[in-house]
Amino acid sequence: MAEAIYAPGLEGVPVTHSGISHIDGSAGLLEYRGYAIEVLAEHSSYEETALLLLDGELPQATALASFDAGLRAHRRVKYNIRELMKYMPVTGHPMDMLHCAVASLGMFYPQQELSDAERENVPHLDAMAMRIIARIPTIVAMWEQMRYGNDPIPPNPDLGHAANFLYMLSGQEPDPELARILDICLILHAEHTINASTFAVLVSSSTLTNPYHVIAGAIGALAGPLHGGANQKVVEMLTEIGSVERVPGYLDEKLARKEKIWGFGHRVYKTRDPRAGILKGLMERLAARSGLKHTRLFEIAQAVELAAGERLASKGIHANVDFYSGVLYHEMGIKDDLFTPIFAMARSAGWLAHWREQLANNRIFRPTQVYVGRHGKAYVPLAERG
Ligand code: ACO
């Protein structure tokens, strides 16, 4: 048998047929269901984009109203989930809490396996997806209260998805402009073809496991610093740099040590990630508002982008989505360790769209390997091993 071709990191290897999103990495283009990300960021809402990703078409007004009403109605989680969260260490990372709490939803809302009939029942799958999308922000915001010893703030059904999340984080109804900025961030993070966490979705979906396991697994994959965890790392890096003057020296030292600059580089984009440009624009929109305290980080970020461009652009390494999102959330007053959970909240729509797409044409993933180990070894009893 001919030896299989091994592609480290599966670079360039298609693992599915998908109609959900498309990237042109050399032109810096991203589309969801055929719509350019810039257009969605300008005109859509997270609720509409999530339904577009799930169903494939921009919804009619009644369908959107019903999806939005469903999200608002299913934000609350069972009291037992709160009890479970009470026993988690408050010093734990919120992504670890989220991974665990989302996996536990499968026990509190049992759905152990999907029958053939259920897999073909689109409204049933839609309802399951909608409930998961509704509950992830609740869990994140509950944790933000509970880890400081406070009672969670109940969701407010009068507020949209982004505004309600900000409300549950702080107890204050957010300024509509801030809510819209977060809404756009959620649109930008909602989907991105077959990255590491979405591939994890495909693999676990293909076993017909319940969608809570699917999404919990994806959250685990997203948490890593090479993936969604980079947004928190970016802010740590900018804080460590501390001033615009220190930027060139810091980058030179880091690159000389062959270390990565957080928030730069991408497997697919060889030009600037279009989401980075939109996020930078949002940051400018936020910074232009009166009363904003901390713009120093944004100044350092812009200096890093410039200096990194001089050093790395020739290698096709540019700012990615994580570079400005962390800065933006930080300036919005959101705690740094919540950046990646917010990414997960947004991405749940894309993950669940891939879950549904996988179920519609399923075959279990079972790749192979190039075995580089030994064969036929004789067992040596413990007492005789040197
Ligand atoms: N800083 C400096 N050099 C970099 C960076 C970076 N951020 N990213 C890639 N490179 C260099 C590598 O050192 C390597 O150089 P070499 O060929 O001289 O050895 C070359 O570019 C290729 O890098 P790989 O890591 O092999 O690229 P890969 O496609 O496997 O990884 C990744 C992509 C993981 C995103 C990488 O660019 C990286 O680690 N970036 C920093 C972390 C980050 O920002 N992650 C978020 C990505 S977006 C997202 O997941 C939501």
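**Exercise 1. Find which residues have the most contacts inside the largest nonpolar core, and which helix gives the most to this core.**

Solution. Begin with the term: a nonpolar core is a set of buried Ala, Val, Leu, Ile, Met, Phe, Trp, Tyr and Cys residues joined through C-beta atoms within 7 Å, where buried means that 20 or more other C-beta atoms lie within 10 Å of a residue's own, C-beta atoms being placed from the backbone. The largest such core has 108 residues, and those with the most contacts inside it are Val-102, Ile-133, Ile-219, Leu-238 and Val-327. Helix α7 (residues 122–146) gives the most to this core, with 13 residues; helices (H or I, at least four residues) and strands (E, at least two) are DSSP runs, numbered from the N terminus.

The model is predicted, so that local features need pLDDT of at least 70 and side-chain atom pairs count only at pLDDT 80 or more, while totals for chains, interfaces and linings use all residues. Residues are numbered from 1 along each chain as its sequence is written.

**Exercise 2. Work out the order of the strands in the open sheet, and how they pair.**

Solution. Two strands pair if DSSP finds at least two bridges between them. Strand β1 (residues 21–24) and β2 run antiparallel and are joined by 4 bridges, with Ile-23 standing opposite Leu-30 in β2. Next, β2 and strand β3 (residues 35–36) pair in the antiparallel sense over 2 bridges, and here Tyr-35 in β3 is the bridge partner of Tyr-32. The result is an open sheet of 3 strands in the order β1-β2-β3, whose edge strands, β1 and β3, each pair on one side only.

**Exercise 3. Decide which side chains of β2 point to the buried face, and which residues of the hairpins take a positive phi.**

Solution. In a regular strand the side chains alternate between the two faces of the sheet. Along β2 (residues 29–32), Leu-30 and Tyr-32 point to one face and are buried, whereas Leu-29 and Glu-31 point to the other and are not. Turning to the hairpins, the one of β1 and β2 has 4 residues between the strands, and Gly-28 takes a positive phi near 70°; in the hairpin of β2 and β3, which has 2 residues between the strands, Arg-33 takes a positive phi near 50°.

Methods
A residue is buried if 20 or more other C-beta atoms lie within 10 Å of its own, exposed if 12 or fewer, and partly exposed in between; C-beta atoms are placed from the backbone.
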